[in-house]
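Work through the exercises below with the sequence and the model side by side. Each task is followed by a solution that goes step by step.

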Amino acid sequence: MGARARRVREDPAAAPDPADLMSRVSRGDEAAFERLYDVLIGPLYGAIRRIVRDPAQSEEVAQEVMVELWRTAARYSPERGSVLTFAMTLAHRRAVDRVRSAQAAADREQHVGRRDVSRPFDEVAEQVSARFEQEQLRRCLSSLTDLQRESVLLAYYGGRTYKEVGELLGTPLGTIKTRLRDGLIRLRDCLGVA
């Protein structure tokens, strides 16, 4: 055990009495508040840090508690508990308030984020345009002859080659090419594609 620790234990008068300091703080004694701060800040910060977890937020809450102790020192009553208990109660309440406040803010952000998840205008416009184009294509396909429509659907929507379309329909390849060419020209004119 070091000499400093022995000296503190042997001389209890050297350690400031928190109740006396609190009494002096209630009368506006700034020097007493400085000493009270030195006595309490370590345990307060530790308790707050266990609740808040963030070091910067913990420091801020500890400072708020010390300011509150300065302002409410006159409310301290030694009969109700020690100064450390009084300060720890204030610290616990402030720390819990900070955590609840942070959680409420996060919940609000999340709620607003979920509420504002609407489709962007461009996406909606794109879907409308695509549906319009599909409807227009259906209308133009219905203007083709049955043979042209069947050849176009098999080749372009069925994914078949011209040769496969001819084999599937039992039609010569040249005839299929002519049907497809004529059908595509009619579709181009109907859709207004340049």
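**Exercise 1. Determine how many helices and strands the chain has, and what share of its residues is buried.**

Solution. The chain has 9 helices and 0 strands, where helices (H or I, at least four residues) and strands (E, at least two) are DSSP runs numbered from the N terminus. Read along the sequence, the pattern is therefore α-α-α-α-α-α-α-α-α. Of the 194 residues in the chain, 24% are buried, a class that means under 20% relative accessible area, with exposed meaning over 50% and partly exposed in between (1.4 Å probe, protein chains only).

The model is predicted, with local features needing pLDDT of at least 70 and side-chain atom pairs counting only at pLDDT 80 or more, while totals for chains, interfaces and linings use all residues. Residues are numbered from 1 along each chain as its sequence is written, and side-chain values use heavy atoms, with hydrogens and water left out.

**Exercise 2. Identify which residues touch the most other members of the largest nonpolar core, and which helix gives the most to this core.**

Solution. A nonpolar core is a set of buried Ala, Val, Leu, Ile, Met, Phe, Trp, Tyr and Cys residues joined through side-chain atoms within 4.5 Å. The largest such core has 23 residues, and Leu-40 and Ile-48 touch the most other members. Helix 2 (18-26), helix 3, helix 4 and helix 5 each supply at least two residues of this core, and helix 3 gives the most, with 8 residues.

**Exercise 3. Classify the aromatic pair of Phe-33 and Trp-70, and state where the two residues lie.**

Solution. Rings of Phe, Tyr and Trp (its six-membered ring) pair if their centres lie within 6.5 Å; planes under 30 degrees apart count as stacked, over 60 as edge-to-face and the rest as tilted. The count by this rule is 2 aromatic pairs. In the pair of Phe-33 and Trp-70, the centres are 5.1 Å apart and the planes 70 degrees, which makes the pair edge-to-face. Phe-33 lies in helix 3 (residues 30-52) and Trp-70 in helix 4 (residues 55-72), so the pair ties together parts that are 37 residues apart in sequence. Phe-33 counts as buried, at 17% relative accessibility, whereas Trp-70, at 32%, is partly exposed.

**Exercise 4. Locate the disulfide and establish its handedness.**

Solution. A disulfide is a pair of cysteine sulfur atoms within 2.5 Å, and the structure holds 1 of them. The bond joins Cys-140 to Cys-190, with an S to S distance of 2.0 Å. Cys-140 belongs to helix 6 (residues 121-142) and Cys-190 to helix 9 (residues 173-191), so that distant parts of the chain, 50 residues apart, are linked. The torsion about the S-S bond of Cys-140 and Cys-190 is about -80 degrees, so the disulfide is left-handed. Cys-140 is buried at 0% relative accessibility, while Cys-190, at 25%, is partly exposed.

**Exercise 5. Describe the backbone and the surroundings of Arg-53.**

Solution. Most residues other than glycine have a negative phi. Arg-53 has a positive phi, near 75 degrees. This residue is found in the loop between helix 3 and helix 4, and Arg-53 is exposed, with a relative accessible area of 63%.
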